[in-house]
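Visitor: Please choose one part of this structure and describe it closely, from the partners of its side chains to the space beside it.

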Amino acid sequence: MADPEEHPTDLPECPSAQGGGLLPKELRAWMVMLGAVGAVEQELRSVVKERLDVSHDEFLILCLLAEQPRTGLRMTRIAELLGRPKTRLTYQIACLQHAGLVTRQSVCGDKRGIEVALTDKARRLLEEASGTLASTVTRALTHVMGPDQHEAMCGLLPEPAKEAEPTGESALAEQSERP
């Protein structure tokens, strides 16, 4: 449960979460999620600009690429995953490339294919900003959702990294020590 200090109790719950209206629960849940996404995006805009000096849309591209292998993704796939027109994406990728945050290269064997990948500079910036970005997301969710919705949303988010699981011989030793 959220700490009362973290979640002001005087904030009303999202109207869509209250139920009793015409919408089925699936659409009510969708409306709560849209409200949460909007709140997170609004909070992130200024933090992303300050910490990474990129627009929110450019940040989304960086986040998508950060979860990919170092080889990157094709631009058509990025456009598809982010629901962006290819022409807009071309401009955003050019801005990121100019800032030294991504590289672009032709895909071998496909003269039309362009693959985009993060640079080491972008990886370093994202790593340095990750704590601030994560706390911004948490703060935004806390301020737009009621305690029940906040708890449910937090259930979807990963737990903070715990101590690494033992591997190899140490894992076998631990298993043999257990009753």
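The reply that follows keeps to one helix and its surroundings.

Guide: The part chosen is helix α5, residues 120–144. This is a predicted model, in which local features need pLDDT of at least 70 and side-chain atom pairs count only at pLDDT 80 or more, while totals for chains, interfaces and linings use all residues. Residues are numbered from 1 along each chain as its sequence is written, and side-chain values use heavy atoms, with hydrogens and water left out. Helices (H or I, at least four residues) and strands (E, at least two) are DSSP runs, numbered from the N terminus.

Let us begin with charge. The whole structure holds six salt bridges, each being a side-chain nitrogen of Lys or Arg within 4 Å of a carboxyl oxygen of Asp or Glu. In one of them, arginine 139 meets glutamate 43, at 3.8 Å from N to O. This pair joins distant parts of the chain, as arginine 139 belongs to helix α5 and glutamate 43 to helix α1 (residues 25–52), 96 residues apart. Arginine 139 is partly exposed, at 39% relative accessible area, and glutamate 43 is also partly exposed, at 32%. Here buried means under 20%, exposed over 50%, and partly exposed in between (1.4 Å probe, protein chains only).

A further salt bridge, between glutamate 128 and arginine 124, has its closest N and O atoms 3.9 Å apart. These two residues stand four places apart in helix α5, so about one helical turn separates them. Arginine 124 is partly exposed, at 46% relative accessibility.

Helix α5 also borders open space. Together with α2 (56–66), α5 is among the elements that supply at least two residues each to the lining of the second largest pocket. A pocket is an open set of points on a 1 Å grid, with room for a 1.4 Å probe and with protein on both sides within 12 Å along at least five of seven lines; lining residues have an atom within 4 Å of a point. The lining consists of Phe59, Cys63, Ala66, Glu67, Leu126, Ser130 and Leu133, and the pocket's space comes to about 210 Å³.

Finally, α5 takes part in the largest nonpolar core, a set of buried Ala, Val, Leu, Ile, Met, Phe, Trp, Tyr and Cys residues joined through side-chain atoms within 4.5 Å. Of its 34 residues, Leu62 and Ile78 touch the most other members. Helix α5 supplies at least two residues of this core, as do α1, α2, α3 (75–82), α4 (86–98) and β3 (110–118).

Key: Points joined across faces, edges and corners; volume = space filled by probe spheres on them.
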